[in-house]
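Here is a brief report on a predicted model. Start with the surface, then follow the chain into its strands.

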Amino acid sequence: MFTGIIEAVGTITALQPKGGDLRLRVNSGKLDLADVKLGDSIATNGVCLTVVDLPGDGYWADVSAETLAVASLKNWKLGDRVNLEKALTPQTRLGGHMVSGHVDGIGEVLWRKTTARAEQFRLRAPDELAKYIAHKGSITVDGTSLTVNAVDGAEFELTIVPHTIAETVIGGYQAGTKVNLEVDLIARYLERLLLGDAAAKPKSDGLTMEFLAQHGFYKA
């Protein structure tokens, strides 16, 4: 688990295809690896990766075909900058929100503009994630815990303060940038809980208008 508070920005220094999977190397920059051991998790642009080697100035990690299919890693290139966060401990301050490091989908930056000293962004999420994005709710973008300031269908807006711009990869976002999105974990569990006994039935992994109408939550 993570908090979505970025600790450092790293750099991709090697990408090695391996039988349909991928092994990558990250230079971890100012991230303190003194307490990291093999098998530990590091969120890399919001993707929970397991450390398989520690060469001294960074780490190696394996990326499965499933992760390549749902996250932006398949588009990474040598020299790309990535947000880094070590897994939380019982002593960690929960300054963001509960983040699993399991990417739900890829979003796209639509536009960016300056508002006073902050930067405002509008992003589009995959349609299937729209129901989990709420005004003033939390969302994880490339591993960064952020507050949603406006929602319009599958599009949402973020206002990013100067410190976050300086300390994350968000400063490099422009229209067309693809980003990893993880929706609020509580919303995921709440959706499943509301299904009740129907959760045990095949293809009952989401709420539909028909289901809500049948249970009095919605009038068709």
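Met1, Leu94 and Met98 make a nonpolar surface patch of about 270 Å². Leu94 sits in the loop between β6 (81-86) and β7 (105-115). How exposed is Leu94? Its relative accessibility is 47%, so Leu94 counts as partly exposed; the exposed class would need over 50%.

**Annotated spans**

UniProt, in an unreviewed entry, places the feature "repeat: Lumazine-binding" at residues 1-97 and 98-194. The "domain: Lumazine-binding" feature, also from an unreviewed UniProt entry, is listed at residues 1-97 and 98-194. The model gives these values for the two spans.

| Span | Helix | Strand | Distance between end C-alpha atoms |
|---|---|---|---|
| Residues 1-97 | 6% | 42% | 10 Å |
| Residues 98-194 | 16% | 42% | 21 Å |

**Strand β7 and its partners**

The loop that holds Leu94 leads to β7 (105-115). Which strands pair with β7? One is β8 (residues 118-124), which runs antiparallel to β7 and is joined to it by 7 bridges. Another is β13 (residues 178-183), also antiparallel, with 4 bridges to β7.

Single residues show how these pairings line up. On the β8 side, Thr114 stands opposite Glu119. On the β13 side, Glu108 has Lys178 as its bridge partner.

β7 and β8 form a hairpin with 2 residues between the strands. What phi does Ala116 take in this hairpin? The phi of Ala116 is positive, near 55°.

One general point helps when reading side chains along such elements. In a regular strand, side chains alternate between the two faces of the sheet.

Methods. Residues numbered from 1 in each chain as written. Predicted model: local features only at pLDDT ≥ 70, side-chain atom pairs only at ≥ 80, totals over all residues. Heavy atoms only, no water. UniProt positions renumbered as here; feature names shortened; annotations may be inferred. Patch = residues over 30% accessible without salt bridge, like charges linked within 9 Å, V, L, I, M, F, W, Y side chains within 5 Å. Areas by Shrake-Rupley, 256 points an atom, 1.4 Å probe, with all protein chains shown as cover. Salt bridge = Lys/Arg side-chain N within 4 Å of Asp/Glu carboxyl O. Buried < 20%, exposed > 50% of the residue type's maximum accessible area, 1.4 Å probe, protein only. Pairing = 2+ DSSP bridges.
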